[in-house]
Amino acid sequence: RKHVLRTLVTSATYRQDSRQRAEAANADGDNVLLHRQNVRRLEAEALRDALLAVAGRLDPTRFGPPIELPLGDQPQQRGRPDRDGPLDGAGRRTIYLAVRRNFRSPLLCAFDQPTPFATVGARNQSNVPAQALALANDAFVHAMAAAFAARLLDYAALPAAQRLAQAYQLAIARPPTADEQAACDAFLAAAADERQGWTDLLHALLNTTEFCFRR
């Protein structure tokens, strides 16, 4: 089995990127023949882990006890957990968060984390306004944007342009375009507080489609 998997994951088809090529798109618009990789949204757990990673807060430690969710995320109803967990889950990967049937993470639910009521053969993949609202309003996302900003501002010797390039590279694995650079520079220049300006800018970057989709 291992040699079969090795053959698959090292094949040209498996390793190709998702960029659309005009000549191939005309012949295979629906990508039935797999002339490119399909663009896929990050699963709920991978999205949360990605937020921790760009913020520099991801703890890669393996194994250990489950981490409780913060009580602020839990509805006021019977059976509400007694223990309060940290907002960032102590930096642990999402697989180590405690899962309770009636007390789930609103952010993960918005991004189609399977319900823990029964076996799920395949995940739903929805595209609904609640997902954009979750990224815009969730306290964890705000905290990760602030940590991301603090991480960049720690590079005191770097000029703003290089910090922005680093932010784009960490978040979406490419440098900003000239138009994006100009828009970001104008936004930062208008900010009354440098740290808050960077936090708001990076929060917007974490809300982009490019961050939420794997290419």
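A pocket is an open set of grid points where a 1.4 Å probe fits, with protein on both sides within 12 Å along at least five of seven lines. This model is predicted, and two of its pockets are followed here.

Start with the second largest pocket. Its volume is about 230 Å³. The lining includes a run through Q169, L170, A171, I172, A173 and R174. L42 also takes part, as do E210, F211, F213, R214 and R215. Which elements supply at least two residues each? They are α8 (160-172), α11 and β2 (213-214). Of the elements, α8 gives the most, with 4 residues. By character, the lining divides into 7 nonpolar, 1 polar and 4 charged residues.

Now turn to the largest pocket. About 360 Å³ of space lies in it. Its lining counts 22 residues. Which of them lie nearest the centre? They are R41, F111, S126, Q131 and F213. Three elements give two or more residues to this lining: β1 (40-41), α6 (129-137) and α11 (209-212). Here α6 gives the most, with 3 residues. The residues of this lining divide into 9 nonpolar, 8 polar and 5 charged.

The two linings can be read together. F213 is among the residues nearest the centre of the largest pocket, and F213 also lines the second largest pocket. The helix α11 gives two or more residues to the lining of the largest pocket and at least two to that of the second largest.

Notes. Residues numbered from 1 in each chain as written. Predicted model: local features only at pLDDT ≥ 70, side-chain atom pairs only at ≥ 80, totals over all residues. Heavy atoms only, no water. 1 Å grid on protein atoms, 1.4 Å probe; cavity = no way out; pocket = protein on both sides within 12 Å on 5 of 7 lines; lining within 4 Å. Points joined across faces, edges and corners; volume = space filled by probe spheres on them. Nonpolar A, V, L, I, M, F, W, Y, C, P; charged D, E, K, R; others polar.
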